[in-house]
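Trainee: I'd like a close look at one part of this protein, the sheets and what lies around them. Could you walk me through it and then place it in the rest of the chain?

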Amino acid sequence: MSMHGVQNEEKIHLSKEEQRRIRQRSLRLLGEIVKPVRARLFISLALVITSQALKVAGPWIIALVVDRGVPDARAGNFNTLYWIMAAYFLTAIFSGITIAFFMRFAARVNQDIMFGLRRRLFRHTQRLSIEFHETYTSGRVIARQTSDLDSIKELLDSGGNEMVSGILFMVFTAIALVTLDPSSFLIMLVSFIPLFFLTRWFQKNTRINYRKTRVASAKLIVHFVETMTGIRAVKAFRKEKRNEDSYQELVEDYRLVNAKVIQLFGIYDPGLIMIGNITVAFVLFWGGYRVLDHHQMQIGVLISCILYARSFYEPMENLAMFYNAYQSANSALEKISGVLEEEPTVAEAVNPTKISSHSGHLEFRDVEFSYSTGKVVLAKFNLDITAGQTVALVGTTGAGKSTMAKLISRFYDPTSGQVNLDGVNLRDIADEDLRQAVVMVTQEAYLFSGTVAENIALGKPHATREEIEAAAKAVGAHEFILSLPDGYETDVNKRGGRVSAGQRQLISFARAFIADPTVLILDEATSSLDIPSERLVQKGLQTLLAGRTAIIIAHRLSTVSIADRVIVMEHGKIIEDDAPAKLIAGTGKFAKMHKAWRESLV
Ligand SMILES: Nc1ncnc2c1ncn2[C@@H]1O[C@H](COP(=O)(O)OP(=O)(O)O)[C@@H](O)[C@H]1O
Ligand SMILES: [Mg+2]
């Protein structure tokens, strides 16, 4: 995650048209995620309405106690008082029960919404083509899954419930006040004026400062992650002191913006209390006057008006905060809907053709290729690789070798022309069949957390232990695996189970071997091996490559010696293509490369 990423995403200015499209896209997503929980959402709404109405009924009943119950009791009739007291108890109990139910219900609905969204985002991101993952940085993908989902969760968890209850509470209180005593309500209305300005000031400043805290914390995280992932380089260049200083500065920045946010609360909260108290004072003053002046107002009504005026502003802080939570959740939803809108550029055929023969005959017909950047990476070419051939693909860095490999494994489709496997266009082959037929091993040799055996079995789910060991033996990985603390059961991510880059490659060879593909591509797959290990793999390779079509991309020409055919590439073009012996005997590029390599060996 680079800092630029974080800032750019916030800064981009969009046209009105584009903004409208984004809003529609995120509303559509909102509709989709709410749809499955619609019924329960209505129930929780009914619950929250009931609970808030009951809560607001409290002060009203107190007015009844004072104005009806007590006078009747004085006159010797206690019935009214008993009835009103019973009503008070019931509303108190039911209001508690409905609030409890509402909270449980709403929490479950929110959990379901989050679960659905999380799963959908994961599945979708995973389903997207390599092109998406090569352009959308992993930092941004991570941000979508973490901080963006978190801000939506935050809104749902606290904000949502509190906002709905808060608004309902204020609305019911206002209704009660209008009905009981309109002039007290008028006083409340006047207090709205300072409240409005204070809240707007608070919102604006918290928004700005929350954005600053987000940026500051992102900077902190980026700095921390960069230091720790690059810890070897940090130590090697004795960069610790400098890192410490810059980290110190970032921590200080973070502290300052947080202090600023706290200060804002330090003004807003007392401000709310003050407006509330002044309003109460006016209600009391005006009400008291009317109570004294020929009983224009009953004393119970005055008490309940004061209670209403006092509690009216309670939800205000939450509401003001809700607006901010809403805004960050909204922008998160916009970004997430953007990812969900992406379509795999390499889509699976609707009616895939079954590949009948599995011999591994590859054909490039009038293939031309450029990445989305537009520059032609592979100029138009034709190429025929007979089934069972071992082809070495050599050439300078950036010549287009990996691109060629990506076309064969259909990570990308050619810009024009077609690639055929056993006479069938790759576009027409079902993804599952293609993944079975073509396997690519790269330098990355990624190991998932789990045991060595599990990592090998990835190539063939449900493989038996015998098959796994046979595969490891075939590529010369068996010995080193046995020397690991728990042998095949060693967890590759646990202490003591750490395997070297070379050993990782051997495991990924075993994984490819057990998958038994028709076409096998090794893209610089032996580059982390030392010469002795490479020799070992060399022997394994003979077994690995026998009976299938193989494309080997390698820097060390020793790997090339087992090839039937060498293709030399330069600047996206095939410049030589022949048997290795013939090329070496000639005067071309490969002959020169080979000569230089031979000389480097002595
Ligand atoms: N994902 C990508 N997007 C845009 N350009 C790319 C991408 N991958 C590779 N290229 C460009 O395509 C050319 C060929 O790259 P590549 O096939 O990786 O070369 P090689 O494997 O022979 O070193 C290079 O100029 C490289 O910059
Ligand atoms: Mg490459």
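Mentor: Happy to! Let's begin with a pair of strands: strand 1 (residues 362-370) runs antiparallel to strand 2, and the two are joined over six bridges. One of the residue pairs to look for is L362 with its bridge partner I385 in strand 2. Please keep in mind throughout that this is a predicted model.

Now widen the view to the sheet that holds this pair. Four strands form an open sheet in the order 2-1-4-5, and the pairing is antiparallel. Strand 2 (376-385) and strand 5 (424-425) are the edge strands; each has a single partner strand, so one side of each has no neighbour in the sheet. Across strand 1, strand 2 and strand 4 (416-421) lies helix 12, which runs at about 120 degrees to strand 1.

Helix 12 also leads us to the ligand. Helix 12 (residues 401-408) gives three residues to the shell around ligand 1, the largest share. The full set around ligand 1 is E134, Y371, T373, V377, G395, T397, G398, A399, G400, K401, S402 and T403. Sorted by class, that shell holds seven polar, three nonpolar and two charged residues.

There is another sheet to look at. This open sheet has six strands in the order 6-7-8-3-9-10, and its pairing is mixed. Its edges are strand 6 (438-442) and strand 10 (573-578), each with a single partner strand, so one side of each is left without a neighbour in the sheet. On average, and ignoring direction, neighbouring strands in this sheet are turned by 15 degrees against each other. At one end of the order, strand 9 (residues 565-570) pairs with strand 10 in the antiparallel sense over five bridges. Within that pairing, V568 has E576 in strand 10 as its bridge partner.

To place these sheets, turn to the domain assignment. That assignment gives domain 1 (15-181 + 330-345), domain 2 (182-296) and domain 3 (362-601). Taken over C-alpha atoms, the centres of domain 2 and domain 3 are 57 Å apart.

Next come the helix pairs. Helix 7 (residues 182-229) packs against helix 9 (residues 240-292) at an angle of about 170 degrees, and their axes are 9 Å apart. Helix 7 is therefore roughly antiparallel to helix 9. The contact of helix 7 with helix 9 has 21 nonpolar, 16 polar and four charged residues.

Helix 9 has a further partner in helix 10 (residues 299-312): their axes come within 9 Å and cross at roughly 170 degrees. Helix 9 and helix 10 are therefore roughly antiparallel too. In this contact, G276, T279, V280, V283, L284, G287, G288 and V291 of helix 9 meet I299, L302, C305, I306, A309 and R310 of helix 10. By class, that contact has nine nonpolar, four polar and one charged residues.

One last pair has another kind of crossing. Helix 2 (residues 16-34) and helix 11 (residues 316-341) pack at about 85 degrees, with their axes 9 Å apart. The two are therefore roughly perpendicular to each other. On the helix 2 side you will find I22, R25, S26, L29 and L30, which meet L333, E334, S337, L340 and E341 in helix 11. The residues of this contact divide into five nonpolar, two polar and three charged.

Methods
Residues numbered from 1 in each chain as written. Chains lettered and ligands numbered in written order. Predicted model: local features only at pLDDT ≥ 70, side-chain atom pairs only at ≥ 80, totals over all residues. Axes fitted to C-alpha atoms, helices over the stretch in contact; angles between N-to-C directions. Parallel < 35°, antiparallel > 145°, perpendicular 65-115°, else oblique. Contact = placed C-beta atoms within 7 Å. Nonpolar A, V, L, I, M, F, W, Y, C, P; charged D, E, K, R; others polar. Domains from an automatic or database assignment. Near = placed C-beta within 6 Å. Pairing = 2+ DSSP bridges.
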